[in-house]
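Biologist: I have not looked at this one before. Can you take me through it piece by piece?

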Amino acid sequence: MKTPTSSTPFSPHSTARTTSPSPAPVLEVRGVTKTYPGPPSLTVLQATDLTIASGDQVAVVGPSGSGKSTLLSILGTLDNPSTGEVLVDGRPVAELSERKRSALRSQRIGFVFQQFHLLPTHTAVENVATGLLYSGVRHTLRRRRAAEALEAVGLSHRLTHRPTELSGGEQQRVAIARALVRNPGILIADEPTGALDTATGAAIVELLSGIAALGTAVVVVTHDEEVASHFARRIRIRDGVVTEPAAQAIRPNKPLRQGASCLA
Ligand SMILES: Nc1ncnc2c1ncn2[C@@H]1O[C@H](COP(=O)(O)OP(=O)(O)OP(=O)(O)O)[C@@H](O)[C@H]1O
Ligand SMILES: [Mg+2]
């Protein structure tokens with residue numbers, strides 16, 4: 001597999017991670033809460049502060065209904081907090097118009113979901129190329145960058161397969177390539193291994209870790225402690241209360257490989 005360069009979808013966004021001990025935050029939430037008005041009103045996210053930097057590998061772990069997806073939607077600027085502020089690249093999102101916020105989201109944040117949400121009539125390369133729609137990139141270049149993204153996730157041999165002709169793990173790799181084709185600063189994944197068997201899920205976790213090693217902050221929501229154990233930062237959430245225990249060891253029996261080779 002080709003080593004990513006500055007022209008590939010997975011080039012690091014910042015060299016700060018290797019040249020500075022404290023990379024600039026790409027995503028911050030300060031005093032964020034979420035309350036649904038009801039009646040009765042329901043606070044599903046209590047006051048939360050988080051700072052996520054380039055290359056961070058973050059797992060958000062908690063039981064069903066604890067507020068994981070709520071937090072992720074706010075981190076991804078898909079939903080507004082009831083109080084507090086969200087900053088992307090140091091910029092308060094609330095100050096942006098809906099149009100500018102949407103543009104910022106599509107440039108800086110990639111999303112991956114449990115159900116891969118691929119277009120069934122499109123090939124793998126066409127699905128990934130949709131990640132570049134409205135980006136100003138010409139059609140032929142969109143396809144080339146989509147093919148490069150698929151190569152980087154180890155799917156160069158499946159470019160023209162449609163979703164029904166791909167395994168579950170391969171479909172999730174296509175979805176990850178689609179999320180990364182714009183070279184976002186942050187990749188947000190909600191239960192990305194939830195529809196996969198254990199071995200396939202482990203390969204996806206390793207792929208996500210490799211992406212973080214190249215500079216993209218990766219935030220993964222999971223209710224699976226085993227999945228979370230492979231991420232350097234583990235944030236816990238229960239009944240809307242977010243806590244981050246002191247640094248914990250990554251599972252030693254499955255070391256995270258560094259660099260581009262992780263993506264194959
Ligand atoms: N629009 C809404 N109005 C009222 N309550 C809501 C709304 N959306 C979500 N909730 C509640 O917020 C809580 C947190 O939901 P959330 O989807 O964030 O949980 P989760 O941790 O992602 O759960 P799961 O693991 O099942 O996906 C739940 O109790 C849910 O019922
Ligand atoms: Mg959820």
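**Strands, helices and a ligand**

Modeller: Strand β3 (residues 57-61) and strand β9 (residues 233-238) run parallel and are joined by 4 bridges. Keep in mind that this is a predicted model.

Biologist: Which residues face each other in that pair?

Modeller: V58 stands opposite R233 in β9, and V61 has R236 of β9 as its bridge partner.

Biologist: What sheet do β3 and β9 belong to?

Modeller: They are part of an open sheet of 6 strands, in the order β6-β7-β8-β3-β9-β10, and its pairing is mixed. The edge strands are β6 (109-113) and β10, each of which pairs on one side only. From one strand to the next, the twist averages 20°.

Biologist: How does β10 pair with β9?

Modeller: Strand β10 (residues 241-243) pairs with β9 in the antiparallel sense, over 3 bridges. R236 has T243 as its bridge partner in β10.

Biologist: And what lies between those two strands?

Modeller: β9 and β10 form a hairpin with 2 residues between them. D239 is in the turn and has a positive phi of about 50°.

Biologist: Is a positive phi common or uncommon?

Modeller: Most residues other than glycine have a negative phi. H117 is another non-glycine residue with a positive value, near 55°. H117 is found in the loop between β6 and α4 (124-129).

Biologist: New topic. What is the order of strands in the sheet that holds β1?

Modeller: That is an open sheet of 4 strands, ordered β2-β1-β4-β5, with antiparallel pairing. β2 (42-53) and β5 (91-92) are at the edges and have a single partner strand each, so one side of each has no neighbour in the sheet.

Biologist: How many bridges hold each pair?

Modeller: β1 and β2 pair over 8 bridges. β1 and β4 pair over 5 bridges, and 2 bridges join β4 (residues 83-88) to β5.

Biologist: Which residues could I click on to see these pairings?

Modeller: For β1 and β2, take Y36, which stands opposite L42 in β2. T33 has T83 of β4 as its bridge partner, and V88 has R91 of β5.

Biologist: What about the turn between β1 and β2?

Modeller: β1 and β2 form a hairpin with 5 residues between the strands, and G38 takes a positive phi near 75° there.

Biologist: Which peptide bonds in that loop are cis?

Modeller: The bond from G38 to P39 is cis, with omega near 10°. A cis bond also joins P39 and P40, where omega is about -5°. P39 is found in the loop between β1 and β2, and P40 is found there too. As background, most peptide bonds are trans.

Biologist: Where does helix α2 sit?

Modeller: Helix α2 (residues 68-75) lies across β1 (25-36), β2 and β4. The helix runs at about 130° to β1.

Biologist: There is a ligand too. Which residues are around ligand 1?

Modeller: The residues around ligand 1 are Y36, L42, V44, G62, S64, G65, S66, G67, K68, S69, T70 and H223. β2 and α2 are the elements that give two or more residues to this shell.

Biologist: Which element gives the most?

Modeller: α2 does, with 3 residues.

Biologist: How does the shell around ligand 1 split by class?

Modeller: There are 3 nonpolar, 8 polar and 1 charged residues.

Biologist: Last topic, helix packing. What numbers should I look for?

Modeller: Two packed helices are described by the angle between their axes and the distance between the axes.

Biologist: What are they for α6 and α7?

Modeller: Helix α6 (residues 168-180) and helix α7 (residues 198-213) pack at an angle of about 20°, and their axes are 10 Å apart. That angle makes α6 roughly parallel to α7. The crossing of α6 past α7 is right-handed.

Biologist: Which residues make the contact?

Modeller: From α6, the contact is made by G168, G169, Q172, R173, I176 and L180; from α7, by T200, A203, I204, L207 and I211. The residues of this contact of α6 with α7 divide into 6 nonpolar, 4 polar and 1 charged.

Terms used: Residues are numbered from 1 along each chain as its sequence is written. Chains are lettered from A and ligands numbered from 1 in the order in which they are written. This is a predicted model: local features need pLDDT of at least 70, side-chain atom pairs count only at pLDDT 80 or more; totals for chains, interfaces and linings use all residues. Two strands pair if DSSP finds at least two bridges between them. Two residues are in contact if their C-beta atoms, placed from the backbone, lie within 7 Å. Axes are lines fitted to C-alpha atoms, for helices over the stretch in contact, and angles run from 0 to 180 degrees between N-to-C directions. Angles under 35 degrees count as roughly parallel, over 145 as roughly antiparallel, 65 to 115 as roughly perpendicular and the rest as oblique. A crossing is left-handed if the near helix is turned anticlockwise from the far one by less than a right angle, and right-handed if clockwise. Ala, Val, Leu, Ile, Met, Phe, Trp, Tyr, Cys and Pro count as nonpolar, Asp, Glu, Lys and Arg as charged, and the others, Gly among them, as polar. A residue is near a molecule or strand if its C-beta atom, placed from the backbone, lies within 6 Å of it.
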